[in-house]
Amino acid sequence: MNIEQIYTGCLAQGAYYIESNGEVAIIDPLREVQPYIDRAAADNATIKYIFETHFHADFVSGHVTLAKKTGAEIIYGPSAKPSFNATIANDNQEFKLGNITIKALHTPGHTMESTTYLLIDADGKDHAIFSGDTLFLGDVGRPDLAQKGDITERDLAGYLYDSLRSKIMTLADDVIVYPAHGAGSACGKNMSKETIGTIGDQKKTNYALRANMTKEEFIDEVTDGLLPPPQYFPLNVKMNKEGYDDIDTIIERGTKKLSPEEFEKAANQLDALVLDVRHQNDFVQGHIPKSIFIGIDGGFAPWVGALIGDVKQPILLVTPEGREEEVITRLSRVGFDNTIGVLKGSFEAWKKEGKETDSIESISADEFAEHKGNAKVFDVRKDGEFKSTHVKNAIHTPLAYINNYLDTYKETEEKAYIHCAGGYRSVIAASILKSRGIHNLIDVKGGFGAIKKTTVDVTDYVCPTTL
């Protein structure tokens, strides 16, 4: 028996490859499925099952394409109603894989179809669970994403409480926990940076698994402090339920290279968004006017999903040369399939044609400390980061909700400063604001990490955030 966790940091997502005696199961695969096919071929094994823990909201799974290419059987838990052929498992139904058994444990709460898969080894011993978004390390799945009809988030939280205590916490302490996500995912709020744990460890450290915790206490704690889900979540759920185009088709269409003239024409005629994914320092120095920056070497896909929102939006790309396919692949992971072309020769070709360019004013943290004076300072970090410590009198405008603060920025006519933790998110924010006609911002290189090393006053005072 071989179990491999295939972890994708950008999405904080874990897929799983399980092989036993020449048969393979894949759990919660990513959109690009060729690596799983190649891995099975290297093992001289056949992919037999594709287990889905639920209809994912934060990424588009590769189940449809993988089944098409391999003939593997897609398995969902009870109550799932996909639009394609799949086996809907009964609670406690078992599936043989080589010398091992995988049992479906229906664990509703995160969603109603949520299912945990229990791996039973060749000796009949409970070995591991693949818990999807039911149980994370340090947290449990948020219960607000699958509200329908009369079912509320508190109802779902109640189901989750029962699932954890009747199906998960009854397992032996040495059973390994393989979750679908880790720290950084929007599917929970308190996840550990670790990606593999045990039932025993979670009973000791996970607030939601406390002994003697009442259902009401659980519901109150699990539903407290939930931020609004990103806009693209329901669109990804729809794709996971109904199917989608093969990623090969998406890549072939999206990697079409356009000359600066063709690129400009497409942007104007098709109302396409120009997405620049180069390093933030390159974008600051020069970019196409009204283009949006979200760098490929940061938290790329989740920020695209959170800030662009509409997966059908036509997108034109400015990329580092040679990384076009990578960018389109990562866009497709969160359902953004409508890339219509890439700027041939990248931004350098645009400049050589003498076309109009723009830039962002940017200064070092030391220069900021010297010249700040009484100017306004905007902090686009997350709520927890800001509450921990921030520049004295800074105005908190978290990046995920930047569009809610446009009036705040527009009211500031004089020069103002903008920063995040390290310099990535502030450039995203500045690019969005510039595209909306706000040009008076000065980016602080290195963000708060650099600022706190200067003489600028910082405070631990918690400033309330109003959305």
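Me: What is a cavity, and what volume does the largest cavity have?
Reply: A cavity is a set of grid points where a 1.4 Å probe fits but cannot get out. This is a predicted model, and a search of the whole structure finds 1 cavity of 30 Å³ or more. The volume of the largest cavity is about 40 Å³.

Me: Which helix gives the most to the lining of the largest cavity?
Reply: Happily, the lining can be named residue by residue: Phe283, His287, Lys290, Ser291, Asp358, Ser431, Lys434 and Ser435. By class, that lining has 1 nonpolar, 4 polar and 3 charged residues. The top contributor, with 3 residues spanning part of the lining, is helix α16 (residues 424–435).

Me: Lys434 and Asp358 both line the largest cavity; how far apart are their closest N and O atoms?
Reply: Side chains of opposite charge can pair when their charged atoms come close. Lys434 sits in helix α16, while Asp358 is in the loop between α12 (346–352) and β18 (361–363), 76 residues apart. The two form a salt bridge, and their closest N and O atoms are separated by 3.4 Å.

Me: Is Lys434 buried or exposed?
Reply: Let's compare it with the cut-off: buried means under 20% relative accessible area. Its partner Asp358, at 23%, counts as partly exposed. Lys434 has 13% relative accessibility, so this residue counts as buried.

Me: Which residue meets Arg154 in a salt bridge of 3.0 Å, N to O?
Reply: A search of the whole structure finds 30 salt bridges. One of them joins the side chains of Glu216 and Arg154 at 3.2 Å, N to O; Glu216 is in helix α5 (residues 215–223) and Arg154 in helix α3 (residues 153–168), 62 residues apart. The salt bridge of 3.0 Å, N to O, pairs Arg154 with Asp220.

Me: What is the relative accessible area of Asp220?
Reply: Arg154 counts as partly exposed at 35% relative accessibility. Arg154 lies in helix α3 and Asp220 in helix α5, so their pair ties together parts 66 residues apart in sequence. Asp220 is partly exposed too, with a relative accessible area of 41%.

Me: Which residues does Thr65 touch, not counting those up to four places away in sequence?
Reply: Thr65 is found in helix α2 (residues 63–70). At 1% relative accessibility, Thr65 counts as buried, because buried means under 20%. Leaving out residues up to four places away in sequence, Thr65 touches Val33, Tyr244 and Asp246.

Terms used. Residues numbered from 1 in each chain as written. Predicted model: local features only at pLDDT ≥ 70, side-chain atom pairs only at ≥ 80, totals over all residues. Heavy atoms only, no water. 1 Å grid on protein atoms, 1.4 Å probe; cavity = no way out; pocket = protein on both sides within 12 Å on 5 of 7 lines; lining within 4 Å. Points joined across faces, edges and corners; volume = space filled by probe spheres on them. Helix = DSSP H or I, 4+ residues; strand = E, 2+ residues; numbered from the N terminus. Nonpolar A, V, L, I, M, F, W, Y, C, P; charged D, E, K, R; others polar. Buried < 20%, exposed > 50% of the residue type's maximum accessible area, 1.4 Å probe, protein only. Contact = heavy atoms within 4.5 Å. Salt bridge = Lys/Arg side-chain N within 4 Å of Asp/Glu carboxyl O.
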